[in-house]
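Ready for a few warm-up exercises? Take a look at the structure, try each task yourself, then read through the solution.

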Amino acid sequence: MSDHMQLFEVFIRSRRGLDHKHVGSLHAEDHAQALEYARDVYTRRSEGVSIWVVNSSDIVASQEEDCDSFYDPLDDKPYRHATHYKLPAEVDNM
Amino acid sequence: MANTQTAEQLEQTFQQRIDAEDKIEPKDWMPDKYRKNLIRQMSQHAHSEVIGMQPEGNWITRAPSLHRKAVLLAKVQDEGGHGLYLYSSAETLGISREELTESLHNGSAKYASIFNYPTLTWADIGAIGWLVDGAAIVNQVSLQRTSYGPYARGMVRICKEESFHQRQGYHIMMTLAKGSDAQKEMAQDAVNRFWWPSLMMFGPHDADSVHSAQSMKWKIKRQSNDELRQKFVDQTVKQAQVIGLTLPDPDLAWNEESGHYDFGEIDWDEFKRSMTGGGPCSRQRVAHHVEAHEEGAWVRDAMTAYETKKRASKEQAA
């Protein structure tokens with residue numbers, strides 16, 4: 001039976017104002033069921049005020065091995081960071 | 001149950017939530033005016049980020065060193081990213097990107113009037129980073145506590161990145177101020193031209209601000225225009241002194257009693273002129289945006305065509 005069930009990723013907003021955060025995954029027949037299961041599995045201790053469920057197959061992820069081509073150019077740009085600019089002590093809290 | 005509530009009850013729950021410092025999230029019920037007010041403010045904010053790329057982009061090819069050029073490129077790239085964060089946050093309110101762009105093009109949406117001034121010298125890039133981004137940060141730090149969740153979260157991200165913008169601008173000014181007489185003069189000239197427009201960025205006086213009272217009640221805005229402007233003046237005076245530049249306001253003076261700097265009156269006619277399309281570069285800024293948008297149409301068309309083709313061949317294979 002579980003062969004047929006789709007995998008869903010579950011995201012929970014713990015409090016208004018915060019981002020939804022990935023908490024885990026589960027199997028369900030459809031979105032509505034996934035939402036109910038997520039409620040039962042992941043929010044038994046009032047962990048959240050809002051749940052997102054997303055088909056795992058809908059998630060497109062970068063791979064860590066792709067780092068070089070994906071992120072490499074960022075490492076040699078220290079000037080993107082505020083700390084790169086040395087300012088006089090009196091105004092350094094800028 | 002929620003369906004049976006009257007509009008009045010819904011509005012009451014909404015205001016209670018806000019009074020309790022809870023955030024409003026996209027799928028919550030909200031008064032139509034709250035939604036409209038937010039769309040107006042957030043789109044104006046987004047447009048400012050994107051239009052702001054033009055006066056700065058003007059100096060990318062003429063930056064005085066490879067390092068300054070790389071920094072300026074990175075900064076302008078950030079501004080584009082900030083525009084994107086804000087547009088997507090605004091879209092959670094049910095308006096489309098196309099509508100947002102259209103209202104910038106037809107003039108119904110505004111953007112910060114400061115970007116209607118030209119960048120005449122390299123020092124202007126320093127002044128924009130230090131003063132214009134400095135003023136924007138004061139506003140944005142306050143907006144990290146705005147009542148609409150997606151806007152507040154966007155502000156947190158933006159503030160984190162914005163600090164580098166102000167520091168690089170100040171660093172440019174500091175370097176020029178320590179340079180030759182001509183360089184120092186160039187720095188002072190840029191401050192003279194950008195100081196007043198920077199103060200105007202905070203908008204009209206509280207008493208004259210059309211949207212302020214309601215925005216404060218809904219906690220879209222957390223501090224008033226005049227409060228934020230005062231905060232900016234107070235922090236900037238010292239920064240100018242440290243690098244030996246003066247702010248062009250004869251009325252600027254420390255007020256022992258209030259614990260703040262007093263400053264002169266803003267030329268509000270100039271503000272209105274610049275805001276309503278009469279600024280030195282107003283027409284050019286929007287025309288350039290329209291042109292870039294139209295010239296980019298073939299890229300969007302090509303992407304759609306490619307998607308269609310891909311989908312068709314997938315269907316054929318299936």
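From the N terminus on, chain A runs β-β-α-β-α. Keep in mind throughout that this is a predicted model.

**Exercise 1. Work out how chain A is built and how far it spreads out.**

Step 1: Count the elements. Chain A has two helices and three strands.

Step 2: Check the spread. Chain A has a radius of gyration of 21 Å, while a compact globule of 94 residues would come out near 12 Å.

Step 3: Look at the dimensions. The C-alpha trace of chain A spans about 65 × 35 × 15 Å along its principal axes.

Step 4: See how much is tucked away. Of the 94 residues in chain A, 24% are buried.

Step 5: Turn to the contacts. Take those in chain A with a separation of 6 or more: 46% of them join residues 24 or more positions apart.

**Exercise 2. Describe the surface and the charges of chain A.**

Step 1: Start with the area. The accessible surface of chain A is about 6800 Å², and carbon and sulfur atoms hold 51% of it.

Step 2: Add the charges. Chain A carries 10 positive and 18 negative charges, and the mean positions of the two groups lie 11 Å apart.

**Exercise 3. Find out how chain A and chain B meet.**

Step 1: Pick a yardstick. Interface size is often given as the accessible area lost when the parts come together.

Step 2: Apply it here. Chains A and B bury about 2100 Å² between them, with 58% of that on carbon and sulfur atoms.

Step 3: Ask who supplies the area on the chain B side. B:R153, B:F164 and B:R167 provide 31% of what chain B buries against chain A, more than any other three residues.

Step 4: Count the residues taking part. On one side there are 27 residues of chain B, in contact with 18 residues of chain A.

**Exercise 4. Compare two residues with an unusual backbone angle, A:S46 and B:E21.**

Step 1: Recall the background. Most residues other than glycine have a negative phi.

Step 2: Read off the angles. A:S46 isn't a glycine, yet its phi is positive, about 40 degrees. B:E21 isn't a glycine either, and its phi is positive too, near 65 degrees.

Step 3: Place them. A:S46 sits in the loop between α1 (31-42) and β3 (50-55) of chain A. B:E21 belongs to the loop between α1 (7-19) and α2 (32-51) of chain B.

Step 4: Judge the exposure. A:S46 has a relative accessible area of 67%, so it is exposed. B:E21 has 40%, so it is partly exposed.

**Exercise 5. Decide whether B:S147 and B:S215 are buried or exposed, and list what they touch.**

Step 1: Locate them. B:S147 is in the loop between α6 (122-143) and α7 (149-177) of chain B. B:S215 is part of helix α9 (residues 212-217) of chain B.

Step 2: Use the cut-off. Buried means under 20% relative accessible area. B:S147 has 3%, so it counts as buried. B:S215 has 1%, so it counts as buried.

Step 3: List the contacts, skipping residues up to four places away in sequence. B:S147 touches several residues, among them B:D22, B:Y34 and B:W218. B:S215 is in contact with B:N37, B:I220 and B:K221. B:I220 also turns up among the contacts of B:S147.

Step 4: Finish with a long-range pair. B:S147 and B:I18 are 129 residues apart in sequence, but their C-alpha atoms are 6.7 Å apart in space.

Notes. Residues numbered from 1 in each chain as written. Chains lettered and ligands numbered in written order. Predicted model: local features only at pLDDT ≥ 70, side-chain atom pairs only at ≥ 80, totals over all residues. Heavy atoms only, no water. Helix = DSSP H or I, 4+ residues; strand = E, 2+ residues; numbered from the N terminus. Rg over C-alpha atoms; globule rule 2.2 N^0.38 Å. Buried < 20%, exposed > 50% of the residue type's maximum accessible area, 1.4 Å probe, protein only. Contact = heavy atoms within 4.5 Å. Areas by Shrake-Rupley, 256 points an atom, 1.4 Å probe, with all protein chains shown as cover. Lys, Arg positive; Asp, Glu negative; His and termini not counted. Charge placed at Lys NZ, Arg CZ, Asp CG, Glu CD. Buried area = accessible area lost by both parts, 1.4 Å probe.
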